[in-house]
Amino acid sequence: MRTHLTRRVFIRSAAASSVALGWLGNRSTPPLLAAEASRPALLGGTPVHKGGWAKWPEWLEVWEPDLLNVWRSGKWFRGSGSHVEEFEKGYAQLLGAQACLATASGTTALIVALHAMEVDAGDEVIVSPYTFIASYNAILANMALPVFADTDPATLTIDPASIESRITERTRAIMPVHIFGMPCEMEPIIQLARKHQLAVVEDACQAWLAEYRGRKCGTLGDLGCFSFQESKHIPSGEGGAIASLNPERIDKCNSYHNCGRACGSNKGNGFFTRGNNYRMTQAQAVILSHQLDKLVKQTAVRQANADYLSTRLAQIPGITPVRLPEQSRAVWHLYPFRYDATQFHGLSRDKFAKAMTAEGIPCGGIYHEQYDDGLLDEAIASRGFKRLWSSERLKAYRDSFRELRGNKQVCETTVAFTQNLLLAEREAMEHIVEAIHKIQTHSEALGKTG
Ligand SMILES: Cc1ncc(COP(=O)(O)O)c(C=O)c1O
């Protein structure tokens, strides 16, 4: 059995089996207390972590004057002031992008980016099934079909080797998702896209400042999309952005997100092109600009804690941290690992998560097999989709979900912590390790709880 106990963990785990010894050697620790510390909190013991975790989202009073100024000025909409453009410049600079467009949300960023890359009614887009549902929905909103590739259980991201077999004459784009802020293996994806003349729209909605081979996620494909929704590392309630190394593509995005008006190189008179209103407001941009430095600093803290956790958790049988592509840096919107119940006396993942939560360390399973939820059945049964694809294609499409490799396994065995846990002190990372050891030691008894 691979185990590595720190002194603190060792003392706590040893306490249960050597209560009498402990009591003889250290008269200040009554045996009852020592036993309680080693017992899982779910079975009446003391939680390992009692300090709570950083509240999220964070609010700093120093932001308030700028925000109040916007509200008091009555200049709230993008076109009435310069805050949105200032944020776009700052964010583009941070990413090393040539241009950036702020949007109302990550979902609208994806919808706009796909449209700008000419994903049209009846097209197909290859995407990872292991993602937030917005990745599916943005493709459907463009009246295109989200075609799923396999999920690599080691990385939780799209398996590049499975993409080519999904390409049909309708395929227009590949949408890799850097899920939980972990970069996809982009090189083979980009090579494949070039070979088949496909667009690459990165769903970097959870990957602000993540890096792949020295470049930031969201600048690796044709367009990259981000979310600034409340739970995100740089939140503004709702909000999003599209980044690119190609400013003309961003001009095209700008036109579509602004009711079809001309923008920069995308010239025309009046409403010369289709468009919608997916604009960011001034107030959102003020809050976001204030958080750029904080994003950089907190990313470094999360990365250092995640590196430490990964080394420690890899030593626990039944816990497998994710594998990242070489020369990449994840930013950990969630910190995931794979859980093998057989190493925990068959303790179910849900019970494991419940026991961890009782120890003061909230965690849980994340995405399920969402393609079975009904939205895709509804889409392919709709008049529009039936007009756009043959019934044979739609049937084969629906049947293909059953053949997906890796995704079911990943959905069923992944456990994750939220990002705010990674902002804590190193001692709290030890609490996480210690709680898992405790649960493993008592997994048989925990399995008998309701
Ligand atoms: C992977 C992924 N894609 C897209 C989105 C959509 O972003 P938003 O909620 O800002 O619309 C999210 C948001 O959680 C996401 O996590």
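1. Let's start with Pro 57, which sits in the loop between helix H3 (31–38) and helix H4 (64–73). What is the form of the peptide bond from Trp 56 to Pro 57? That bond is cis, with omega near 0 degrees. Most peptide bonds are trans, which makes this loop a good place to pause. Please keep in mind that you are looking at a predicted model.

2. A second backbone detail is found at Gln 197, in the loop between H8 and E5. Phi of Gln 197 is near 50 degrees, a positive value although the residue is not glycine. For context, most residues other than glycine have a negative phi.

3. Now for the overall build. The protein holds 18 helices and 13 strands. Its radius of gyration is 24 Å, close to the 22 Å that the globule rule gives for 450 residues, so the protein is as compact as a globular protein of that length. If you would like a sense of scale while rotating the view, the C-alpha trace spans about 90 × 60 × 35 Å along its principal axes.

4. Next, the ligand. How many residues surround it? There are 16, and the closest are Thr 107, Asp 203, Gln 206, Ser 227 and Lys 232. By class, this shell has five nonpolar, nine polar and two charged residues.

5. Some contacts to the ligand can be followed atom by atom. An N or O atom in the side chain of Thr 107 is 2.5 Å from a ligand oxygen. From Gly 106, a backbone N or O atom lies 2.8 Å from an oxygen atom of the ligand. Lys 232 places a polar side-chain atom 2.6 Å from an oxygen atom of the ligand. On its own the ligand has 380 Å² of accessible area, and the protein covers 92% of that.

6. Which elements give two or more residues to the shell around the ligand? They are helix H6 (106–116) and helix H7 (134–141). H6 gives the most, with three residues.

7. Finally, have a look at the largest pocket, which contains about 390 Å³ of space. Its lining is made of 21 residues, and those closest to the pocket centre are Ile 190, Arg 194, Leu 220, Gly 221 and Asp 222. Sorted by class, the lining has ten nonpolar, four polar and seven charged residues.

8. Where does the lining of this pocket come from? Helix H8 (186–196) and strand E5 (199–203) each supply at least two of its residues. H8 provides the largest share, six residues. You have met H8 and E5 already, as the loop between them holds Gln 197.

Notes. Residues numbered from 1 in each chain as written. Predicted model: local features only at pLDDT ≥ 70, side-chain atom pairs only at ≥ 80, totals over all residues. Heavy atoms only, no water. Near = heavy atom within 4 Å. Polar contact = N/O pair within 3.5 Å; in protein donor to acceptor, adjacent residues only side chain to side chain. Areas by Shrake-Rupley, 256 points an atom, 1.4 Å probe, with all protein chains shown as cover. Helix = DSSP H or I, 4+ residues; strand = E, 2+ residues; numbered from the N terminus. Nonpolar A, V, L, I, M, F, W, Y, C, P; charged D, E, K, R; others polar. 1 Å grid on protein atoms, 1.4 Å probe; cavity = no way out; pocket = protein on both sides within 12 Å on 5 of 7 lines; lining within 4 Å. Points joined across faces, edges and corners; volume = space filled by probe spheres on them. Rg over C-alpha atoms; globule rule 2.2 N^0.38 Å.
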